[in-house]
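Hello,

Here is the structure for you to look through. My notes on it follow below.

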Amino acid sequence: MGREVSESCIDSLLTVMVSTYCNRFYANKPELAARRIEAIGYQVGHQLSERYTMERPRFSDHLEAIKFICKDFWFELFKKQIDNLKTNHRGTFVLQDNCFCWLTRMSIDQSPENGTSEELSIMADNKVMQSMHLYFPCGIIRGALSNLGIPCAVSADISNLPACSFVIRIKA
């Protein structure tokens, strides 16, 4: 495209955005912080999709649009394609990124399961912060698909860092 932004700048921006919304603006309301972070991602995804599809014909079906997200759109954002795409052919798609770059610098706590209540509390807080970082890319995907005329809901799963699965459910 010509203009690019350093990965470290994006990482820092995402970290500061999540921290600010979770700890300052909506410290006692994590669901509102999550919605706001996702809304910012939605705007970014919508605008990027507009830019990246300007000279393309409209997609004829949902699968074509999802493949565009997995290949071209993801490559523009992360310099790699999605590692795996699965579908049930009934409006649900799972995009698997085995090394999602925005999660690679997050720590994976290998504490024993019988930790102290303080350790378990810290682990729970880390899990919440990790999931908060995923609302932004979920919003990006939802915004991009919305711009392509596909209303959907997007969620993410990070059961095995830094791998991440994005689940897209097309709204009828």
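**What was found**

In strand 4, C164 is the bridge partner of D97. Please keep in mind that this is a predicted model.

That pair belongs to a longer ladder: strand 2 (residues 92-97) and strand 4 run antiparallel and are joined by 6 bridges. Strand 4 also pairs with strand 3 (residues 152-157), again in the antiparallel sense and over 6 bridges. One of the bridge pairs there is D157 with S165 of strand 4. Strand 3 and strand 4 form a hairpin, and 6 residues lie between them.

How much of strand 4 is covered? Strand 4 spans residues 164-170, and 6 of its 7 residues are buried. When you look at a strand, remember that in a regular one the side chains alternate between the two faces of the sheet.

Now the helices. Helix 1 covers residues 7-25 and helix 2 covers residues 30-52. Their axes come within 9 Å and cross at roughly 150°. The crossing of helix 1 and helix 2 is right-handed. On the helix 1 side, the contact is made by M17, V18, Y21 and C22. On the helix 2 side, A33, R36, I37 and I40 make the contact. Sorted by class, the contact of helix 1 with helix 2 has 7 nonpolar residues, no polar ones and 1 charged residue.

Helix 2 also holds E38. Is E38 buried or exposed? E38 counts as buried because its relative accessibility is 15%, and the cut-off for buried is under 20%. Which residues does E38 touch, leaving aside its neighbours within four places in sequence? E38 is in contact with Y135, C138, G139 and R142.

Last, the chain as a whole. The chain has 4 helices and 4 strands. From the N terminus on, the order of these elements is α-α-α-β-β-α-β-β. The chain has 172 residues, and buried ones make up 38% of them. Take the contacts between residues at least 6 apart in sequence: 61% of these join residues at least 24 apart. The accessible surface of the chain comes to about 10,400 Å², and 51% of that surface belongs to carbon and sulfur atoms.

A good place to begin is D97 and its bridge partner C164, followed by D157 and its bridge partner S165. After that, turn to E38 in helix 2 and look for its contacts with Y135, C138, G139 and R142.

Regards

Technical notes
Residues numbered from 1 in each chain as written. Predicted model: local features only at pLDDT ≥ 70, side-chain atom pairs only at ≥ 80, totals over all residues. Heavy atoms only, no water. Axes fitted to C-alpha atoms, helices over the stretch in contact; angles between N-to-C directions. Helix = DSSP H or I, 4+ residues; strand = E, 2+ residues; numbered from the N terminus. Left-handed = near helix turned anticlockwise from the far one by under 90°. Contact = heavy atoms within 4.5 Å. Nonpolar A, V, L, I, M, F, W, Y, C, P; charged D, E, K, R; others polar. Buried < 20%, exposed > 50% of the residue type's maximum accessible area, 1.4 Å probe, protein only. Pairing = 2+ DSSP bridges. Areas by Shrake-Rupley, 256 points an atom, 1.4 Å probe, with all protein chains shown as cover.
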